[in-house]
Every structure is written in structure tokens, then in C-alpha cells.
Amino acid sequence: MHLRTALCAASALALMAGVAHAQSITIATVNNGDMIRMQGYTDNFTEKTGIEVEWVTLEENVLRQRVTTDITTNGGQFDIMTIGMYETPIWGANGWLVPLNDLSAEYDVDDLLPAMRAGLSHEGTLYAAPFYGESSMVMYRTDLMEKAGLEMPAAPTWEFIREAAAAMDDPENDINGICLRGKAGWGEGGAFITVTANSFGARWFDEDWNAQFDQPEWKEALNFFVNLMNDYGPQGYATNGFNENLSLFQQGKCGMWIDATVAASFVTNPNDSTVADHVGFALAPDTGLGKRSNWLWAWALAIPAGTQQADAAKQFIEWATSKEYIELVAENEGWANVPPGARTSLYENADYQEVPFAQMTLDSINAADPTSPTVKPVPYVGIQFVAIPEFAGIATEVSQEFSAVYAGQQSVDEALEKAQALTNDAMEAAGYR
């Protein structure tokens, strides 16, 4: 009896020791649909590697705050961070991220779309791997467009978008002519109004880093947006971001929605969308000045330099952003639901070419040029952002002023005056002016 007891105790201790030493990584990510889907396949990774995964899933603005605080203070809360094209080159240059310059041959880094690889690199070194890539485009109700007697051009103007919004707006049946982001945050409503302004000929800075909110192009763009949304947008649009508008569109409450190309799989999925069979796609609109109102972005996985789990983190990144993962999702959920916009081979796949939004997504990505984002020359790179460290803080404040306009709390002129002053003050303090 004593021997059996001793053996049982020894076995229990061994088991506990095994559990205690099981490798685990913690990942911070955004609460977008593709990221939620990835979490559902995590067991596949754990079975292959024995590495456990803990998820911290956050709303977009909160995620950005948390990971920025953690990386700048060397907090060490996360082994993998979900970041994008704005943060990656800046943080890579600062030595805050682990270089991804030794990924396996099977991973095939050369298969990454050139725009995504370039946007996630610094001086030719990749610092984050794209889970999915995106631009923005028009998603619209084909049935409502037909009912209105209109036909969506493949490359519409903002003038047509307003005309179509007016024709499809049906308040009695709870249908808004258009749904667009108004939520404060540099990557939420701030991103959308920036690309809209680009298409109207506006820019954040002139070539000497002087703020340009006192110029007529910004006033025209902001007035157009406010009037469009006040006339044909949903109530409370000042607090609507990507997820809020996605929900509205899926419920049949939007005639049009201009947002991330990645949303196409969600609005056409009959399990989630009541209008799945009535969705068409077009390029983001312009005003005829040569720049469309589309952005370029990737939600990507990066490893903070302070992690003690770099090897395990790199294994996860290779798995989650691989061709194998794409095939896993396609096998279980269909090609329309794989993470888009990251790999060249996906757009060469005959099965994926049958997906109705595949070509428009690729065309939208290819139409975005972060090295020439505006009609007039600028000293910065980036379409919906300016690739300088100070931008996130400045643009968050500016977006708050704009959201106050959308909420009816101040005028367009007041918001632009405040944006001009706070941007110039911040740039002078940072030594740009």
C-alpha cells in the first residue's frame, strides 16, 4: 500500500510538473471576424506543436492603446501582437520587434503580396507577417440599386454615391442610404475621413510639414461627408466603426457601405448576413482628381523584442499566416472565408478566382499607393495615416474633433480650426517645424 501511494504521488507530481512546464504564448489581437475565426483553429496549432495559446481579444482602439503601451514600456504582457502597416516599420526601426528574416523555406515569404511585404518591412527586413491584407471598396445592395433604377459603375464618383444614397434611403423601412465610419480613433473614423479627403485633393501636411486643415479641400471633404451622413446615414453614426457598420449592413439596414475589403466575406455569408445574395462591389469613389478614397492596410502578427517565447511565437506566426492555414479554412468554411489580401498564390488559385469579390479586392489593393497618397505632393508615406511616430496621437485628437461635428456638438469650421492648431503645435513640439 505504501509503495502504491508513493507511486501515485510521484505520478501526480510528474503530471503537475509537465503542466507547469507546458509552453504557452499570449497573443493580443483585434475583435475582427477573421481573427475570431483564427482562434477557433488554434487547437490545430497546439496539436501540431504542443504550444498552448492564450488570447487577449480587444476592440480596435483599445488594442492599439494596449500594445503601444506594452511595447514602449517593455511590459512583456504579450508574445505576439496584432499590429499594422503604421506601427511595424516604426517599431522595427526602433528595435522593438523581432525580425522575421529567418522564416522557413516552406513558408515561402516571396509569395507575400509585394504591397503587404513592403508595408511590413523596414530597410528590407520583414518585421510582421500579414494575417490578412486589405484596401477599401464599395459594398452595395444590388436589389436596392436595381429598385432605384441605377447601375453602380465599377469605379464610381462621390457624386454618384450621393445620388445612389438618396435613391436607396428608406427611413420607413429602416434602410439607410449609406453607412460610413464616424467613430473617433485614428484607425477608425480618422482613417476613413483621411482617405475621403485625399480624393478631394486634401492632405495632412504640405512639403514643409505645415498642417493643411485650413485649406479649402479639407473643408469641402468634411462638409461633403457630414451632409451625406446627416441626410442618408444612420442615427448615431458618430460612434459607428467597422464592426457597428458591418452589423447594420448584415441586418439589411444599409444601401451602401464603404469600408475594408475584408468585410466582403462577412456580408456575403448567408449564415451571418440577411442580404448575402444581394451584394455587389466597386472601387472606392473619387472626385475625378486622380486619387481614390481607398486605403492600404494589413492586420499582421509581430513579436515584441522583450518576449521570452520568440521561437514559439515564430512557430505560431508561420502557421497562422501560411498557405496551409488558408487551405485549412477553405476546407472547413469555403474559399470565400479564407483570410484575403496577403498572398499572391491565393489570387492565382482557380477556386478562389470564382469568389465574387476576389478580383475587386485585388484591384483595390493594387490601386492604393502609399508612396503617392495625395493629389498634391507630401513629405510622408502612408494613405490613411502618416508614417511618423507622432501621427497616432495627433490623428486621434483630430478624429475626436471630427466626431464631435458628426454628433452635432460643433461646426465643421470649428473642428478644422482646432485640428489645424493642435496639429501644428504637436509638429512644432516634435521638431518638424
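Buried here means under 20% relative accessible area, exposed means over 50%, and partly exposed is anything in between (1.4 Å probe, protein chains only). By that yardstick Phe316 is buried, because its relative accessible area is 0%.

## Before you start

This is a predicted model, so local features need pLDDT of at least 70 and side-chain atom pairs count only at pLDDT 80 or more, while totals for chains, interfaces and linings use all residues. Residues are numbered from 1 along each chain as its sequence is written, and side-chain values use heavy atoms, with hydrogens and water left out.

Helices (H or I, at least four residues) and strands (E, at least two) are DSSP runs, numbered from the N terminus.

## Aromatic pairs around Phe316

Let's stay with Phe316 for a moment. Rings of Phe, Tyr and Trp (its six-membered ring) pair if their centres lie within 6.5 Å; planes under 30 degrees apart are stacked, over 60 edge-to-face, and the rest tilted. A search of the whole structure turns up 36 aromatic pairs. One of them is Phe45 with Phe316, an edge-to-face pair at 5.0 Å centre to centre with 85° between the planes. The two rings come from distant parts of the chain: Phe45 is in helix α3 (residues 42-49) and Phe316 in helix α13 (residues 310-320), 271 residues apart. Both Phe45 and Phe316 are buried.

Trp55 also pairs with Phe316, again edge-to-face, at 5.8 Å centre to centre and 70° between the planes. Trp55 sits in strand β2 (residues 52-58) and Phe316 in helix α13, so this pair ties together parts that are 261 residues apart in sequence.

## Strand β3 and its neighbours

In a regular strand the side chains alternate between the two faces of the sheet. You can follow that in β3 (residues 80-83): Ile80 and Thr82 point one way, Met81 and Ile83 the other way, and all are buried.

What does β3 pair with? Two strands count as paired if DSSP finds at least two bridges between them. Strand β1 (residues 24-30) pairs with β3 in the parallel sense over two bridges, and Ala28 stands opposite Met81 in β3. Strand β10 (residues 297-302) pairs with β3 in the antiparallel sense over three bridges. Here Thr82 has Leu301 in β10 as its bridge partner.

## Salt bridges

A salt bridge is a side-chain nitrogen of Lys or Arg within 4 Å of a carboxyl oxygen of Asp or Glu. The structure holds 21 of these. Among them is Lys323 with Asp108, whose closest N and O atoms are 2.8 Å apart. This pair links distant parts of the chain, with Lys323 in helix α14 (residues 323-333) and Asp108 in the loop between α5 and α6, 215 residues apart. Lys323 counts as partly exposed because its relative accessibility is 31%, and Asp108 is partly exposed too, at 25%.

Asp111 makes a salt bridge with Arg343, the closest N and O atoms being 3.1 Å apart. Asp111 is in the loop between α5 and α6 and Arg343 in the loop between α14 and α15 (344-348), so to speak a long-range link: 232 residues apart. Are these two buried or exposed? Asp111 is buried, with a relative accessible area of 7%, and Arg343 is buried at 1%. Asp231 and Arg162 also meet in a salt bridge (2.7 Å, N to O). Asp231 is in helix α10 (residues 216-232) and Arg162 in helix α8 (residues 158-168), 69 residues apart. Both are partly exposed, Asp231 at 40% and Arg162 at 26%. Finally, Asp34, Arg37 and Glu333 are linked in a network of salt bridges.

## Charges over rings

A charge sits over a ring if NZ of Lys or CZ of Arg is within 6 Å of the ring centre and within 35 degrees of the ring normal. Arg343, the salt-bridge partner of Asp111, lies over the face of Tyr107, at 4.6 Å from the ring centre. Arg64 lies over the face of Trp186, at 4.3 Å from the ring centre.

## Positive phi values

Asp108 has a phi near 60°, a positive value in a residue other than glycine. Asp108 lies in the loop between α5 (87-93) and α6 (114-119). Glu123 isn't a glycine either, yet has a positive phi of about 50°. Glu123 lies in the loop between β4 (121-122) and β5 (125-126) and is exposed, with a relative accessible area of 73%.
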